[in-house]
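User: Please take a close look at one part of this model. I am interested in the charged side-chain pairs and what lies around them.

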Amino acid sequence: MTLPLWPSEPAGPRRVTLVRLAGEIARSVAAVGRVAIDGEVHRPMQSRGGRIFFTLRDRAAEMKVAVPASAVRRCRAVHGERVCVVGALEWVNDRGSLQIRAEEVSPVGTGAIAAMIAEARRRLVDDGLVDRPRRVVPRLPRRIGVICGADAAVRKDIESVVAERFAGYPLVVRECAVSGPGAPSAIVETLHEIASQPGVDVVIMARGGGDATALLAWSDEDVCRAVAACPVPVVSAIGHDGDHPLCDEVADVRCGTPSIAAATIVPSRAELHAGVDRLLAASTGRMAARCERSAQRLSAVDTAGALTAGVRRAADLLSSAGRELARAHPRRQLAAAGQRLANLDWRRPAGERVGYARGRLEAEGRHLRALSPQHVLERGYAVVRRAEDEVVRRWSQVSPDEDVAIRLAEGRLVATVRERHSD
């Protein structure tokens with residue numbers, strides 16, 4: 001093999017157009033994807049179109065940041081303040097530069113976070129959202145919506161309270177990001193989606209405890225505005241009792257923990273049963289009292305005495321009229337008075353009153369009979385009691401081989417429980 005006397009020349013540069021080169025750079029930059037970068041804001045400025053531009057710096061590098069007008073409310077850019085920028089890299093062809101297109105610019109540090117929340121609260125107060133009238137949470141909502149993170153503890157707490165107060169109560173649970181970059185947008189989208197579900201009458205927003213940075217998404221202005229604009233009442237149960245994110249001030253109900261929120265919104269099955277029993281007993285008592293008063297008034301009516309007194313008064317009036325007519329124009333006026341008396345049906349008013357009272361008594365009697373427990377038994381039902389005179393409503397109240405007393409429409413039975421079934 002013969003080697004060349006001189007090494008081969010290196011390959012020449014690849015010739016490309018400027019447009020093609022810019023396109024290759026843009027595609028390479030897009031492959032980086034979304035990023036979250038910490039840095040210091042330097043020289044922020046806002047354009048006439050509402051966009052914000054600034055330079056993000058750290059000790060060894062800097063990069064331009066552009067905030068579109070649609071994301072300005074989620075971006076706080078104060079000169080010298082340390083922030084976290086969430087967005088994607090983009091190549092600007094007309095300027096030949098690389099920049100970050102920001103989705104969120106959130107402060108890093110307790111003081112900066114407090115300042116951002118104060119500014120958002122001031123805007124909400126100016127728009128009347130903090131002091132707006134609160135919506136009333138229904139006592140018996142058809143379905144309850146729940147927004148929580150992927151943390152199983154919060155969901156488990158809510159479901160355990162539901163199982164204790166009203167097992168099987170319909171819940172619509174949606175999980176989403178509740179902290180970190182992108183959490184405000186995820187919360188707003190989830191709230192819109194769950195509030196549009198058929199039958200959802202109230203929404204619980206639940207999250208476990210955390211520091212100010214972890215709960216920052218719940219003080220986001222867009223989240224607060226979405227809560228105020230929600231078509232159904234919203235319950236805020238964020239963090240522990242000492243945590244107070246901004247959404248607490250715009251929600252319809254604020255609860256210290258997710259468990260307290262579930263206990264507040266989910267009705268108690270036992271309390272509902274007891275309330276229905278009290279109302280039924282009260283209505284039955286009032287109806288019986290009305291029937292008794294009606295019967296007493298009817299028995300106090302003396303129809304014969306009323307008729308006799310009416311006839312006596314009519315006779316007295318007739319005698320008096322006859323004397324007056326005899327003194328004035330005896331024949332003509334006496335004939336007219338006699339005709340008027342003949343046209344007067346003096347028996348009718350008393351008869352009508354008696355008939356009306358009898359009809360009312362019969363109607364009240366039919367109503368009382370319909371509500372009577374004895375009437376229910378006559379329709380084929382029975383009342384089952386345990387030995388301690390406790391009424392049996394559920395299969396779980398009795399044990400196998402336990403004796404029970406059965407009250408029928410006529411008579412009683414004593415039986416022994418052999419089997420129990422839940423359906």
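Analyst: What follows goes through the charged pairs and then the nonpolar cores.

This is a predicted model. Searching the whole structure turns up 24 salt bridges. Three pairs are described here one by one.

Start with Arg225 and Asp127. These two form a salt bridge, with the closest N and O atoms 2.6 Å apart. Arg225 sits in helix 5, residues 221-229. Asp127 sits in the loop between helix 2 (110-126) and strand 6 (143-148). The partners are 98 residues apart in sequence, so the bridge ties together separated parts of the chain. Asp127 is partly exposed, at 46% relative accessible area. That value falls between the 20% limit for buried and the 50% limit for exposed.

The pair also belongs to a network. Salt bridges link Arg123, Asp127, Glu221 and Arg225.

Next comes Glu103 with Arg34. Their side chains meet in a salt bridge at 3.0 Å, N to O. Glu103 belongs to strand 5 (residues 97-107), and Arg34 to strand 1 (residues 34-46). The two are 69 residues apart, and the pair links distant parts of the chain. Both ends are partly exposed: Glu103 has a relative accessible area of 31%, and Arg34 has 49%.

The third pair is Glu175 and Arg155. Here the N to O distance is 3.3 Å. Glu175 lies in strand 7 (residues 171-175), while Arg155 lies in helix 3 (residues 152-165). They are 20 residues apart. Glu175 is partly exposed at 45% relative accessibility. Arg155 is partly exposed too, at 30%.

Now the nonpolar side. The largest nonpolar core holds 34 residues. Which of them touch the most other members? They are Leu124, Ile147, Leu191, Val203, Met205, Trp218 and Val227. Several elements each supply at least two residues of this core: helix 2, helix 4 (183-195), strand 8 (200-207), helix 5 and strand 9 (234-238). Helix 4 gives the most, with seven residues.

Trp218 deserves its own list. Leaving aside residues up to four places away in sequence, Trp218 touches Val178, Ile187, Met205, Arg207, Cys224, Ile238, Pro245, Leu246 and Cys247. Met205 is thus on the contact list of Trp218, and Met205 is also among the core members that touch the most others.

A second core of 20 residues is separate from this one. Its members include Val146, Val154, Val162 and Phe166.

Helix 5 appears in both halves of this account. Helix 5 carries Arg225 of the bridge to Asp127, and helix 5 supplies at least two residues to the largest core.

Methods. Residues numbered from 1 in each chain as written. Predicted model: local features only at pLDDT ≥ 70, side-chain atom pairs only at ≥ 80, totals over all residues. Heavy atoms only, no water. Salt bridge = Lys/Arg side-chain N within 4 Å of Asp/Glu carboxyl O. Helix = DSSP H or I, 4+ residues; strand = E, 2+ residues; numbered from the N terminus. Buried < 20%, exposed > 50% of the residue type's maximum accessible area, 1.4 Å probe, protein only. Core = buried A, V, L, I, M, F, W, Y, C linked by side-chain atoms within 4.5 Å. Contact = heavy atoms within 4.5 Å.
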